[in-house]
Every structure is written in structure tokens, then in C-alpha cells.
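Hello,

Here is the structure I said I would pass on. Please open it first, then read the notes below with it on screen.

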Amino acid sequence: MPWVAKVNGTEVPVQLWQEMAQRLDEQYQRNFGPQYSQLRDRIDVRRQAAEQLIQKELILQDAARQGLSVSDEELAAALVRLPAFQRDGKFVGIEEYRQL
């Protein structure tokens, strides 16, 4: 499988990088609207996507080294409480969450 980066021997797949870049691009389009076309080259979502994925992998590796883990239930409970994923004090729903 092709990869875009290696983090301490762990490969970051190209597909994951492309998906992250696409999500960032869509997020910037929503945030900046028509102005985004003028900013797109300076923002460089491909570089940002790679950096974010590398940072995420480093955090995961460090957490594993320290023996830290979170169950799916703990993660879900924390996510629904985050204000970023709430509207009118309630969780936005799984579909909207996935779009964010």
C-alpha cells in the first residue's frame, strides 16, 4: 500500500492523507466561502493534512508507549459532551459529526 510518510516505522497511507486533505479543503470552503479560491494555494491543505496525520500518529505512539488507552464507550461519551459537536445543548448526530 502506498504511503505519504513514515512515523517511527509506521506508514501513513496515501488514501488516509488524501481523505484528510479533502476534509480540510471542504472545511475551508465552508469557512471562507468564495474567498477560499484566492487563498487555496497559500493554505496548502495537502501539507496540513500530512502534518496533522504525522502529529496524530506521534501522539498515538506515545500513548501506547505509556500504556494509555480509551474504550469506545469512553470516547463516545466524551465526544457527545464537546460543545463543538452540540447544537442547542444536544449532540448533532452521527451523520453531521462525520461531516465535521
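**Helix 1 and its neighbours**

In this predicted model, one contact joins helix 1 to helix 3: Leu16, Trp17, Met20, Ala21, Leu24, Asp25 and Tyr28 in helix 1 meet Val45, Arg46, Gln48, Ala49, Ala50, Gln52 and Leu53 in helix 3. The residues of this contact divide into 10 nonpolar, 2 polar and 2 charged.

Two packed helices are described by the angle between their axes and the distance between the axes. For helix 1 (residues 14–32) and helix 3 (residues 45–65), the angle is about 120 degrees and the axes are 8 Å apart. Why are helix 1 and helix 3 called oblique to each other? Angles of 65 to 115 degrees count as roughly perpendicular and those over 145 as roughly antiparallel; the angle here, about 120 degrees, is in neither range, so the pair is oblique. The crossing of helix 1 and helix 3 is right-handed.

Helix 1 also packs against helix 2 (residues 36–43), at an angle of about 140 degrees and with the axes 10 Å apart. Helix 1 and helix 2 are therefore oblique to each other. Their crossing is right-handed. On the helix 1 side, the residues in contact are Asp25, Tyr28, Gln29 and Phe32, and they meet Tyr36, Leu39, Arg40 and Ile43 in helix 2. This contact is made up of 5 nonpolar, 1 polar and 2 charged residues.

Look at Asp25 and Tyr28 when you turn the model: they are listed in the contact with helix 3, and also in the contact with helix 2.

**The largest pocket**

Rolling a probe the size of a water molecule over the atoms shows where empty space is left. In this model, the largest pocket holds about 410 Å³ of space. Which residues are the closest to its centre? They are Lys56, Leu75, Leu79, Phe85 and Tyr97, out of 15 residues that line the pocket. Two or more lining residues come from each of these elements: helix 1, helix 3, helix 4 (72–81) and helix 5 (94–99). Helix 1 gives the largest share of the lining, 4 residues. By type, the lining residues divide into 8 nonpolar, 3 polar and 4 charged.

To recap, helix 1 packs with helix 3 and with helix 2, and helix 1 also contributes to the lining of the largest pocket.

Regards

Notes:
Residues numbered from 1 in each chain as written. Predicted model: local features only at pLDDT ≥ 70, side-chain atom pairs only at ≥ 80, totals over all residues. Heavy atoms only, no water. Axes fitted to C-alpha atoms, helices over the stretch in contact; angles between N-to-C directions. Left-handed = near helix turned anticlockwise from the far one by under 90°. Contact = heavy atoms within 4.5 Å. Nonpolar A, V, L, I, M, F, W, Y, C, P; charged D, E, K, R; others polar. 1 Å grid on protein atoms, 1.4 Å probe; cavity = no way out; pocket = protein on both sides within 12 Å on 5 of 7 lines; lining within 4 Å. Points joined across faces, edges and corners; volume = space filled by probe spheres on them. Parallel < 35°, antiparallel > 145°, perpendicular 65-115°, else oblique.
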